[in-house]
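Reader: I'd like a close look at one part of this model, and then a walk outwards from there. Could you take me through it in one go?

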There are 2 protein chains.
Amino acid sequence: MKRNFVTSAQVADRAGVSRSAVSRTFTPGAYVSPEVREKVLLAAEEMGYRINRLAKSLLTSESSLVAILASKLSEPFIAAQIDALSAMLADRELQTLLLNSGARRDMAAMMNLVLEYRVKAVIILSGAPSEKLVEQCLKSRQRTILINRVQESGNVDIIQTDDRAGGRLAACHMIERGYRNLAVVREASDTPSQRRRAQGFAEAAEEKGLTVRHWLGGEGGYESGRNAARELRMRSAVDGVFCTTDRIALGFLNTCRFDLGLDVPSEIGIVGFDDIEEAGWPSHALTTIRQPVSAIVSAVASILESDPSEISGHAHVVPVELVTRQTTRP
Amino acid sequence: MKRNFVTSAQVADRAGVSRSAVSRTFTPGAYVSPEVREKVLLAAEEMGYRINRLAKSLLTSESSLVAILASKLSEPFIAAQIDALSAMLADRELQTLLLNSGARRDMAAMMNLVLEYRVKAVIILSGAPSEKLVEQCLKSRQRTILINRVQESGNVDIIQTDDRAGGRLAACHMIERGYRNLAVVREASDTPSQRRRAQGFAEAAEEKGLTVRHWLGGEGGYESGRNAARELRMRSAVDGVFCTTDRIALGFLNTCRFDLGLDVPSEIGIVGFDDIEEAGWPSHALTTIRQPVSAIVSAVASILESDPSEISGHAHVVPVELVTRQTTRP
DNA sequence: TCCTATTGTGCACACGAGTGCAGATGACGC
DNA sequence: GCGTCATCTGCACTCGTGTGCACAATAGGA
């Protein structure tokens, strides 16, 4: 497996100069005479020379790698975040080390890897890691950015959408549109942010004197929504449902419409959370709480640009917004 | 930005042994006496020592990084591939370097990066790179795996779904179900694999004496589908449409149903390609050509495991399959 | 007791690059 | 012609790790 890459020494030989000259040619700011530079560039071109970034960052102890840790990469909202984040990183000349923590893979091992690669920072997307791992990061003075995850033990940068406000918005909207038998549905893989959304919803509803039924279960967003729809409708006369994720909501919506033959929004109203692309399609036209990816990404960017020594530890809050479509009564 | 990580020398000091002993403790296969191993592990634990993978792979010149190069990361079929690929890599103790080549980013610069990181292999997902770049890879003896991209200049590993067969399948199916005024729709960012699908479709239709209208344009899959639906229907009496991508097909479908008020499948039939999750939802129930991600991934796996010296250069063909749902007449 | 076999450890070098410092080279002025 | 300065280049050290080789230590046998 040992491929022979071209080294700066080989280029130096060919160009008839010293290795230092080669190094300086490729180091912005360092000085070389135009003639030497010319010779070096020519030789490098001919031999297909490329700097070895491993060696470079070993020496300068500066890595341009940023790790993104996530599970369920193919869920639209996660995929959208990864897309936007990696684009933002690329614009800043940083590279993305993607760690898929899905399924049975060992999270501890993944984190070890992050540390072994001496990455500049780790971005942990919602739903992924255990508390112990985050502590491990901190212990190794690894810069850590959490998205939509609470973490009590300080010194981590946290970006959080305003989940409670989102839940409250959903509740107010449904009540205003005349729904009275409310329920909230979330996945079995119960993340803190889903819990906060549910709390916000229940809170606001109870302030108006309504009680809220809770449903929890299923495997994966869409399937959870399907199961919830079947079971909730069987047992009760729920007429307004808040799903803590658009994918749950879409599962719920489709099952209501196509399996149970219910009319949405007249017989039952549905509100989701995230505003993924599919929610806006006319085949769904889901009323939902928008969580802007761009705001999350720019928060990450500003953290990366801030001074790493002053670890803020205070949370950036991303605002949410109600998007009214056609799964709630006009 | 210079963080001080713990080095093996520091651990050795603390444990009162030589640096070699530390190295051997963490190298499987190397021998150390149990007592020394114990001491080293203890010291390492206390100090939070982690191997520096950069230094290690510099020395052994073996990288455990595999780069994935793709654009439009958030499109479901791309996201699904990235998810599955990164999971497969993780199972093999390899890491994923994700390069987002979307938008205006400079592909040449991206490829340079790949080469600078001395990755074990590059996986290029459909639609991404120009021919020159691939040649550049080859010149640097970089192992390159192309997915759904043709490349004449040999020595690359190619994985290709059987696009033509897929197109033919779609055509036969539509003709069998009684559609006669056929059209094929593809995106403006016209990838080779989309072109092959269209060719297969047109071929099969013409063999049965039918002519096929071609439509090409739009920006992004879903939007292309929407535009196509509006324009095609305006100008002609097309009644059977093959979209070279599920996302195009879904845009087409939704526009037919909700904007033009057409009944699918009785007035117009639609067939897609890929079989993304959303295609199977009852809100769409799209008839489509399935392209199994699992087959693609295991082909990549087998290439990675094969001997790198015998660069096969011969293409792996991934079979396709018709999935009949409700956007074509029964 | 002495020799040999065995076992474990440490020294030193290598990987590929950046950079401080000294020294070479050339130009220029007196 | 000689001294001074500016300009460039090369030597040698450094980063953190793996590993061949030589050597120390210990045990075992004659």
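**A strand and its surroundings**

Author: Let's start with Ile124(A), which sits in strand 3 of chain A. Bear in mind throughout that this is a predicted model. Ile124(A) has a relative accessible area of 0%, so it counts as buried. In sequence, Ile124(A) and Ile68(A) are 56 residues apart, yet their C-alpha atoms are 6.0 Å apart in space.

Now look at what strand 3 pairs with. Strand 3 (residues 121–124) of chain A runs parallel to strand 4 of chain A, and three bridges join the two. One residue to pick out is Ile123(A), whose bridge partner in strand 4 is Ile145(A). Strand 4 of chain A also pairs with strand 5 (residues 157–161) of chain A, again in the parallel sense and over three bridges. Here Ile145(A) turns up once more, standing opposite Asp157(A) in strand 5. So what about the two faces of strand 4 (residues 144–147): are they covered or not? Both are covered, with Thr144(A) and Leu146(A) buried on one side and Ile145(A) and Ile147(A) buried on the other.

Let's hop over to chain B for a helix. Seven of the ten residues of helix 6 (residues 107–116) of chain B are buried, so the rest of the structure largely encloses this helix. The buried set is Met107(B), Met110(B), Met111(B), Leu113(B), Val114(B), Leu115(B) and Glu116(B). Just past the end of helix 6 of chain B, Arg118(B) takes a positive phi of about 55 degrees.

Further along chain B there's an acidic residue to zoom in on. Asp275(B) is in the loop between strand 9 (269–274) and helix 12 (277–280) of chain B. Its relative accessible area is 17%, and Asp275(B) is buried. Two arginines meet its side chain: the side chain of Arg290(B) makes a polar contact with Asp275(B) at 2.8 Å, and the side chain of Arg325(B) does so at 3.1 Å. Leaving aside residues up to four places away in sequence, Asp275(B) touches Asp246(B), Thr288(B), Ile289(B), Arg290(B), Val323(B) and Arg325(B).

How do the two chains relate to each other? A turn of 180 degrees with a shift of 0.0 Å along the axis lays chain B on chain A with an RMSD of 0.1 Å. The two copies are therefore related as by a two-fold rotation axis. Within chain B, the residue whose C-alpha comes closest to that axis is Leu97(B), at 2.3 Å. The copies meet through the same surface, because 100% of the interface residues of chain B are also interface residues in chain A.

That brings us to the DNA. Around DNA strand C there are 25 residues, and those that come nearest are Ser8(A), Arg19(A), Ser23(A), Tyr31(B) and Val36(B). Of the strand C atoms that come within 4 Å of the protein, sugar and phosphate account for 54%. A base is touched too: the side chain of Arg19(A) has an N or O atom 2.7 Å from a base oxygen of DNA strand C. On the phosphate side, an N or O atom in the side chain of Tyr49(A) is 3.1 Å from a phosphate oxygen of this strand. Asn52(A) uses its backbone instead, with an N or O atom 3.1 Å from a phosphate oxygen of DNA strand C.

Which helices supply at least two residues each to the surface near DNA strand C? They are helix 2 (19–25) and helix 4 (53–60) of chain A, together with helix 2 (19–25) and helix 4 (53–60) of chain B. Helix 2 of chain A gives the most, with four residues. By class, the surface near strand C has ten nonpolar, nine polar and six charged residues.

Finally, DNA strand D. It is surrounded by 26 residues, the closest being Tyr31(A), Val36(A), Ser8(B), Arg19(B) and Ser23(B). Sugar and phosphate make up 57% of the strand D atoms that come within 4 Å of the protein. A polar backbone atom of Ser8(B) is 2.6 Å from a phosphate oxygen of DNA strand D, and for Ser23(B) a side-chain N or O atom is 2.6 Å from a phosphate oxygen of that strand. Asn52(B) has a polar backbone atom 3.0 Å from a phosphate oxygen of DNA strand D. Helix 2 and helix 4 of chain A, together with helix 2 and helix 4 of chain B, are the elements that give two or more residues to this surface. Its make-up by class is ten nonpolar, ten polar and six charged residues.

Notes. Residues are numbered from 1 along each chain as its sequence is written. Chains are lettered from A and ligands numbered from 1 in the order in which they are written. This is a predicted model: local features need pLDDT of at least 70, side-chain atom pairs count only at pLDDT 80 or more; totals for chains, interfaces and linings use all residues. Side-chain values use heavy atoms; hydrogens and water are left out. Copies are superposed by least squares on the C-alpha atoms of residues with pLDDT of at least 70 in both. Contact means heavy atoms within 4.5 Å. A residue is near a molecule or strand if one of its heavy atoms lies within 4 Å of it. A polar contact is a pair of N or O atoms within 3.5 Å; within protein, one must be able to donate a hydrogen and the other to accept it, and residues adjacent in sequence count only if both atoms are side-chain atoms. Ala, Val, Leu, Ile, Met, Phe, Trp, Tyr, Cys and Pro count as nonpolar, Asp, Glu, Lys and Arg as charged, and the others, Gly among them, as polar. Buried means under 20% relative accessible area, exposed over 50%, partly exposed in between (1.4 Å probe, protein chains only). Two strands pair if DSSP finds at least two bridges between them.
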